[in-house]
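This report describes a protein–RNA model through its nucleic acid contacts, its helix packing, its sheets and some notable backbone features. The sequence and structure come before the discussion.

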Amino acid sequence: MADYPFQNIEQKWQSFWESNKTFRTPENVDTSKPKYYVLDMFPYPSGIGLHVGHPLGYIATDIVSRYKRMMGFNVLHPMGFDAFGLPAEQFAVEHGVHPRVTTENNIDNMLRQLKAIGLSYDWDRKLATTDVDYYKWTQWIFLKLFNSWYDTDQDMARPIEELIPRLETTHEGWADLNASQREEVLAGYRLAFLAEVPVNWCPQLGTVLANEEVTNEGRSERGNYPVFKRPLKQWMLRITSYADRLEADLDGVNWPEPVKMMQRNWVGRSEGAHVDFDVDGLEEKLRVFTTRPDTLFGATYMVLAPEHELVDSITQAQFRTAVDAYRKVAAGKTDIDRMSESKVKTGVFTGGYALNPATNTQIPIWIADYVLAGYGTGAIMAVPGGDERDWDFAEVYDLPIIRTVQPAEGFEGKAYTGDGAAINSGFLDGLEINEAKATMIAWLQENGHGEGTVNYKLRDWLFSRQRYWGEPFPILRGEDGSVRAVDAKDLPVMLPPMEDFRPTATDDPNAPPRPPLSRAPESWRIVEIDGKRFERELNTMPQWAGSCWYYLRFIDNQNEATFADPEKEKYWMGPLGVDLYIGGVEHAVLHLLYARFWHKVLFDLGYVTTVEPFGRLFNQGYIQAYAYRDERGIAVEATETVDQDGRPAMEVQDQPGRKFFYKGEPVTQEYGKMGKSLKNAVSPDEVNERYGCDTLRLYEMYMGPLDASKPWNTRDIVGVNRFLRRVWRNFVGEDSDAILVSDERPTDTQMRLLHKTIVRVTNDMERMSFNTAIAALIEFIAEFVALESIPRGVAEPFVLMLAPLAPHMAEELWQRMGHPETLAYAPWPISEDKWLVEDTIKLVVQVNGKVRSTIHVASDATKDDILAASKSDENVARFIEGQTIRREIYVPNRLVNIVVG
RNA sequence: GCCGGGAUGGCGGAAUAGGUAGACGCAACGGACUUAAAAUCCGUUGAGCUUAAUGCUCGUGCGGGUUCGAGUCCCGCUCUCGGUACCA
């Protein structure tokens with residue numbers, strides 16, 4: 001046997017696990033045992049397959065799963081595919097291949113790649129969001145949303161039927177309304193409802209585009225067609241009803257603080273006031289939201305978002321040309337561009353004036369793109385003295401600035417946002433901010449100029465997509481425009497078979513959108529109920545829908561009667577939800593907020609038992625790699641990018657002085673998250689073939705801490721591969737192929753090393769510090785390199801500790817050591833205190849905080865002994881000689897610091 | 001712009017609660033084994049200084065601060081990465 005035969009061994013154990021169903025979690029587990037639900041954020045089955053960034057999280061959850069099994073837990077560790085989505089549909093549009101075909105091929109390929117890493121998933125629970133018996137339940141949940149409303153009295157969602165008797169008393173004239181009028185009222189309460197919202201509309205593609213698909217110039221990535229912001233009637237989900245709970249319940253979950261912070265900021269609760277301004281020549285009042293009503297005396301001008309609905313009526317004739325031009329430019333920019341393009345604020349005067357109700361003075365009304373239509377009321381009162389953006393704007397356009405808060409002493413900045421007493425503010429003068437706010441709100445309410453209110457940054461969730469490859473809505477529309485839900489018993493609403501997946505293109509930006517499903521056969525589109533004709537909803541759900549609840553389906557994926565059996569749900573989700581959820585921090589707000597929202601709706605309606613879905617969240621870092629963008633700002637394939645000499649970029653990207661080209665066009669190099677967005681993926685297959693998957697697993701974990709981002713570097717892989725081969729040589733005879741484990745008693749030194757290692761590795765497993773766990777195992781085996789054989793008493797615990805990390809080799813060695821059973825459920829080694837006590841301890845001795853010596857003392861030495869020993873040390877003595885000892889600090893087991901001077 | 005991370009030798013990283021900065025690995029260099037190469041094993045490796053020691057000085061992105069003691073805490077920056085609501 002020349003070397004570690006990883007191909008044979010890995011193949012052997014992967015087949016063993018598969019045919020023995022080693023990792024099958026039974027439908028009915030022994031519920032007296034503790035459970036552990038370990039979940040990965042499931043992948044999108046992309047055409048290029050897995051890249052080495054995916055397994056980073058999957059290997060980590062696999063290690064945790066294997067470790068927990070050895071610790072005696074019932075482990076639920078499933079995997080699936082988030083398989084609806086844009087790329088399969090675009091491929092279908094371009095090549096005429098049905099998205100289901102592409103998707104299934106991609107899933108097969110990724111499944112092969114996942115299995116080749118030896119991940120211990122219960123594959124019998126595999127699912128894809130595109131499975132009909134999965135999306136049936138996605139539609140079922142949508143019906144629950146449609147048929148529910150948010151009862152602010154009970155602070156929970158309730159079935160819509162409970163609302164109707166209430167409306168009879170609370171809604172004036174309810175009794176006189178006809179059916180469609182009543183439906184209109186109910187729509188204002190439903191958690192799923194229709195509304196007009198602005199979107200990136202590309203008429204030539206006949207579709208709405210993601211911001212990502214829009215170039216810097218406001219054109220489409222595909223085809224380079226113009227893109228317009230225009231309002232479109234869309235399905236929305238009333239996530240804003242849950243704003244307070246989404247924020248408050250973060251206190252109860254074990255999540256990374258930064259993610260909680262991002263969610264809190266995303267919900268963006270802020271207390272403040274609505275203030276209504278009279279506008280010259282306008283019936284309506286102009287309403288703004290402000291978090292600082294106390295600064296009203298300093299409001300010297302107003303700014304509307306260019307899209308604000310009152311811009312037309314406020315704008316005076318001589319300013320109209322400038323205003324229209326400005327609005328047109330703003331419409332072509334994304335929100336991010338509007339805020340980041342430059343620090344210089346732009347805007348135009350409308351010619352209109354409003355009356356500041358506090359000062360009774362006329363203040364000019366401007367429009368500027370630093371005010372966004374989607375936040376607050378889309379209009380602000382500008383207080384340059386107290387807001388940096390307003391100050392900048394006022395400086396550019398020479399608008400008056402009044403301070404309303406006394407700046408702290410020595411303050412030399414521009415806008416002052418700190419604490420202080422009110423000044424220049426009439427009846428508020430002298431009050432601190434909080435008091436001034438309350439006083440102003442009371443004044444506004446008394447005088448009919450506004451009221452105190454809470455505002456959220458969170459917007460309702462836009463839930464329609466003009467696409468084919470998504471869940472169809474279980475919704476029908478009558479010829480009179482009425483909306484009707486499909487009966488739950490008629491689910492699923494299957495995607496109709498189609499050959500052409502293109503939306504209908506047009507040159508007219510104002511033509512109504514014709515989504516792909518408008519091409520579906522009439523037999524699908526048209527439904528007749530009680531003699532009335534209905535057309536099915538032609539939009540589909542966003543990809544988020546399927547990922548909002550998949551963790552629940554894994555619990556009971558075969559159930560045909562319900563999405564998951566309540567008893568099973570209670571066991572696996574209780575008491576705090578999924579025990580460990582690992583995925584990238586890029587999902588910090590969207591996916592994780594949407595899933596929490598759905599979960600809370602299901603909780604309110606009594607379908608799940610926990611308030612939160614994911615008790616513990618962990619973000620793995622990114623594997624990063626170089627990426628390239630063309631002049632339009634669109635990422636191009638890194639693998640097809642070359643340098644000026646025609647060499648592949650992948651080989652020369654870290655050398656200085658390279659210029660890069662893609663299909664002859666110059667591109668810019670950047671560095672970032674590996675993945676489909678930056679088109680810079682590296683496949684794990686190569687590593688698997690060359691070194692084996694135990695090496696891949698070990699390398700990905702050894703690269704650094706799990707939550708840190710780090711660059712992929714093929715060169716470093718040999719390090720952990722050498723470790724594995726060294727282990728193999730230590731355990732298996734080079735010529736004899738015999739196991740080299742002896743039944744001799746381990747030496748005391750070996751036992752101490754073993755137990756120290758058990759403590760280190762167990763600790764590292766608990767805190768998911770796998771890189772240092774591997775380092776401990778490397779150090780351990782280094783002590784045995786010179787030996788002919790390893791005593792069984794230390795060899796077996798070592799193999800067990802290796803098992804979660806490099807399971808194939810560990811299983812093989814375990815079997816060769818005489819164990820017929822898999823080690824997947826063998827108990828994890830336990831350290832014994834008697835091997836952890838040391839006779840002597842090493843202490844560092846510092847003088848004035850600088851290390852001057854190390855001393856060895858008996859582990860039971862007293863502080864006095866230790867200080868005496870420190871001071872008598874030759875080098876220490878040199879530094880304290882002739883000086884007064886001012887302080888003596890002794891940190892047990894660590895150091896002594898003698899302060900002199 | 002806004003919200004959230006990160007920055008430690010030539011490289012990836014370690015330092016778990018404020019207590020020896022650089023564990024472990026890569027690369028590099030030197031040596032052993034070998035006809036040779038691969039593989040393997042042993043050793044050196046943050047920078048600098050000197051009287052060469054059980055020595056000294058500097059050193060964790062930059063500038064300040066707190067502390068007996070700071071990679072770690074505080075204040076102010078720089079660069080960089082993630083998100084920014086239709087990529088997921």
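## Surroundings of the RNA strand

Helix H23, which spans residues 717–731, gives the most to the surface near RNA strand B, contributing six residues. The model is a predicted one, and the distances and angles in this report are accordingly computed from its coordinates. In total, 80 residues surround RNA strand B, and the closest of them are Asp82, Ala210, Gln543, Tyr702 and Asn897. When this surface is divided by residue class, it has 34 nonpolar, 20 polar and 26 charged residues. On the side of the nucleic acid, 64% of the atoms of RNA strand B within 4 Å of the protein belong to sugar or phosphate, while the rest belong to bases.

Three polar side-chain contacts to sugar or linking oxygens of RNA strand B are set out in the table below.

| Residue | Partner in RNA strand B | Distance |
|---|---|---|
| Tyr622 | sugar or linking oxygen | 2.9 Å |
| Tyr702 | sugar or linking oxygen | 2.4 Å |
| Arg725 | sugar or linking oxygen | 2.8 Å |

Tyr702 is thus one of the closest residues to RNA strand B, and an N or O atom of the Tyr702 side chain is 2.4 Å from a sugar or linking oxygen of that strand.

## Helix packing

Two packed helices are described by the angle between their axes and the distance between the axes. Tyr702 also takes part in a contact between helices: Leu698, Met701 and Tyr702 in H22 meet Phe770, Asn771, Ile774, Ala775 and Ile778 in H25. The residues of this contact divide into seven nonpolar, one polar and no charged. The axes of helix H22 (residues 693–702) and helix H25 (residues 770–782) come within 7 Å and cross at roughly 115 degrees.

A second pair consists of helix H1 (residues 6–20) and helix H27 (residues 807–816), whose axes are 9 Å apart and pack at an angle of about 85 degrees. Because of that angle, H1 is roughly perpendicular to H27. On the H1 side the contact is made by Ile9, Glu10, Lys12, Trp13, Gln14 and Trp17, and on the H27 side by Pro807, His808, Met809, Glu811, Glu812 and Gln815. By class, this contact of H1 with H27 has five nonpolar, three polar and four charged residues.

## Strands and sheets

Strand S10 (residues 270–279) and strand S11 (residues 285–290) run antiparallel and are joined by six bridges; Val275 has Val288 in S11 as its bridge partner. The hairpin of S10 and S11 has five residues between the strands, and in this hairpin Gly281 takes a positive phi near 70 degrees.

An open sheet of four strands follows the order S19-S18-S21-S20, with antiparallel pairing. Its edge strands are S19 (483–485) and S20 (526–529), each of which pairs on one side only. Neighbouring strands of this sheet are turned by 40 degrees against each other on average, direction ignored. Within it, S20 and strand S21 (residues 532–536) pair in the antiparallel sense over four bridges, and the bridge partner of Val527 in S21 is Phe534.

Four strands also form an open sheet in the order S33-S32-S35-S34, in which the pairing is mixed. Strand S33 (850–858) and strand S34 (885–891) stand at the edges with a single partner strand each, so one side of each is left without a neighbour in the sheet. The twist here averages 20 degrees from one strand to the next. S34 pairs with strand S35 (residues 895–900) in the antiparallel sense over six bridges, and Ile885 has Val900 in S35 as its bridge partner. Asn897, which falls within the residue range of S35, is among the closest residues to RNA strand B.

## Backbone features in loops

A cis peptide bond with omega of about 0 degrees joins Leu491 and Pro492, and Pro492 is placed in the loop between S19 and helix H15 (522–525). The peptide bond from Gly574 to Pro575 is also cis, with omega near -15 degrees; Pro575 lies in the loop between helix H18 (566–573) and strand S22 (580–584). Lys663, a residue other than glycine, has a positive phi near 50 degrees, and its place is in the loop between strand S27 (660–662) and strand S28 (665–673).

Key
Residues are numbered from 1 along each chain as its sequence is written. Chains are lettered from A and ligands numbered from 1 in the order in which they are written. Side-chain values use heavy atoms; hydrogens and water are left out. A residue is near a molecule or strand if one of its heavy atoms lies within 4 Å of it. A polar contact is a pair of N or O atoms within 3.5 Å; within protein, one must be able to donate a hydrogen and the other to accept it, and residues adjacent in sequence count only if both atoms are side-chain atoms. Helices (H or I, at least four residues) and strands (E, at least two) are DSSP runs, numbered from the N terminus. Ala, Val, Leu, Ile, Met, Phe, Trp, Tyr, Cys and Pro count as nonpolar, Asp, Glu, Lys and Arg as charged, and the others, Gly among them, as polar. Axes are lines fitted to C-alpha atoms, for helices over the stretch in contact, and angles run from 0 to 180 degrees between N-to-C directions. Angles under 35 degrees count as roughly parallel, over 145 as roughly antiparallel, 65 to 115 as roughly perpendicular and the rest as oblique. Contact means heavy atoms within 4.5 Å. Two strands pair if DSSP finds at least two bridges between them.
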